[in-house]
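Got the structure up on your screen? Let's go through a few labels and ask what earns them.

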Amino acid sequence: MPLLDDCDIAVVGGGLVGAALAWGLARTGLKTMVLDGGDLDPRASRANFALVWVQGKGLHAPHYALWSKASAERWPTFAAALAADSGIDVALSQRGAFSFALSQGELGMLAAELETIAAETNGAAAPYEILTAEETRRRLPLVGQDVVGAAYSPADGHVNSLRLFHALHTAMRHRGVDYRACHAVERIEPVDAGFRLAGAFGTIFARRIVLAAGIDNQRLAAMVGLHAPLKHSKGQILVTEKCRPLFEHTSATIRQADEGGVMIGDSEETHTTAIATNQEISAVLANRAVRVFPCLAELNVVRSWAGFRVKTRDGLPIYAQSASHPGAFIAVCHSGVTLAANHALVVAPQIAGGALSSDLAPFHSGRFHVSENS
Ligand SMILES: Cc1cc2nc3c(=O)[nH]c(=O)nc-3n(C[C@H](O)[C@H](O)[C@H](O)COP(=O)(O)OP(=O)(O)OC[C@H]3O[C@@H](n4cnc5c(N)ncnc54)[C@H](O)[C@@H]3O)c2cc1C
C-alpha cells in the first residue's frame, strides 16, 4: 500500500485530552502522531475555567468521584513531569476551594449532594466541610453579607490552563510526537492491521487510533463501531483587569489567575448552538460574583468568552476500545483540565499496552446502549 505517512498510533484531536494522551503515549515509546483540526473548530481547551476540581463530582456515579479525586492527587506528579519535559510551570495551586451559597436552599443542596457522594463512595470521596456564614467569613474576610455559607474541600485547586495547553504541546514535541495542525480527519476506514485516516491533507495510516476530537468525536466514533452521544453545554466566562492578589483559594465560580485577573464563571446553557456571548448571562455571573465578593465591583471586566463543553449525555467521561475494530480507542470528557493527569499517566499507558483496565469499564460507551434500550 503506497502510503506517505504512517505511525504506531494516531491521536485525532490536539486539545487538552488529545495532547495529554499523545504525550503519555509518546512517553511509552510509541511513534505517535496528532492530527488536529483548525482554529475555527469549537475548542473547549481554549475556553475553560482552569479548575482541578473534585468537589461535587460523581453524584450517583461513585466511580467518577474517585476517578476525579485520583486525578487531582496525581496532578503534582503530572505537573512536575510536564515541567521537566517542557520547561513550563503550569502554576498548579491546590490549596482547597469553596462553593458559595447565597441562600439556605443552595447550602442545603450543596450539603445533600456532598453527603450523598460520601455515602455512595463509602467515605472514600474527597473530604469536605459545610461552613456557616460566620465560619466562611472568618476564613475569607472579603466574603459579602449575602453569603449564607459554603462547602469547602481541601482537594480542589486550579492551574493556568493556557499554560497547561502550551506545556502539553511543548512536551509532546519534546517526546517526538508528530503534530499536524489543520489535518481535520474526515473519514476513518478500518483496514488490514490498522486504520486509514483521510481528509483534505491526504491519507495517513495508523496501526492504532485514539479519538480525542472533542465534539467531533460523536461523528467519528460511528466510523469505528464506537458511540459517543453528546449534548449541548455552553459555558461563559468573564475576566477582570489584573489586580493585587485577593484570594488565596479558588472557588467553583470565582478564581484569581496567577497572573492577577479574576475569572468569573461559569454558566451552562443547554439549548443553544450560538457561540456568541450573551449579555444577560454576563449580568447574572457578575451580579452573583459581586454578592460573593463585593470588592469585585471595583474591577473592570476586560474580556468575556463562551465555549462548548465536550459533554456526554450523562455528563460522565467515555473511555472505550472498539469491540468491532480493536485498536480504535476513544476518550471524551468535560473536565479535561482536572483529568489531564489521569489521561497522561494512567489512560495513555493502558492504551499503549493494548487494553483499558477493568477499572475503566464503567466509563465504556456501552452504558448508553443499555439506557437507550431500557
Ligand atoms: C466554559 C468552560 C469551562 C470549563 N471549565 C473547566 C474546568 O474548570 N476544569 C476542567 O477540568 N474542565 C473544564 N472545562 C472542560 C475542558 O475545557 C474540556 O474538558 C477539555 O478542554 C476538552 O478537551 P478536548 O481535547 O476533548 O476537546 P477540544 O478542546 O474541543 O479539542 C478538540 C480538538 O480536536 C480537533 N478536532 C475536531 N475535529 C477534528 C477532526 N475531525 N480531525 C482532527 N481534529 C479534530 C479540534 O480542532 C480541537 O483541537 C470547561 C469547558 C468550558 C467550555
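**What the labels rest on**

The end C-alpha atoms of residues 8-348 lie 13 Å apart, and this span is 30% helix and 26% strand. Helices (H or I, at least four residues) and strands (E, at least two) are DSSP runs, numbered from the N terminus. This is a predicted model: local features need pLDDT of at least 70, side-chain atom pairs count only at pLDDT 80 or more, and totals for chains, interfaces and linings use all residues. Residues are numbered from 1 along each chain as its sequence is written.

Q: Why is Pro362 called partly exposed?
A: A residue is buried if 20 or more other C-beta atoms lie within 10 Å of its own, exposed if 12 or fewer, and partly exposed in between, with C-beta atoms placed from the backbone. Pro362 has 15 C-beta neighbours inside 10 Å, so it counts as partly exposed. You'll find Pro362 in the loop between helix 8 (340-353) and helix 9 (366-373).

Q: What makes strand 20 largely enclosed by the rest of the structure?
A: Five of the five residues of strand 20 (residues 328-332) are buried, so the label fits. Ala328, Ile330 and Val332 point one way and Phe329 and Ala331 the other, and all are buried.

Q: How do you know that strand 19 and strand 20 pair?
A: Two strands pair if DSSP finds at least two bridges between them. Strand 19 (residues 318-321) and strand 20 have four, in the antiparallel sense, and Tyr319 stands opposite Ala331.
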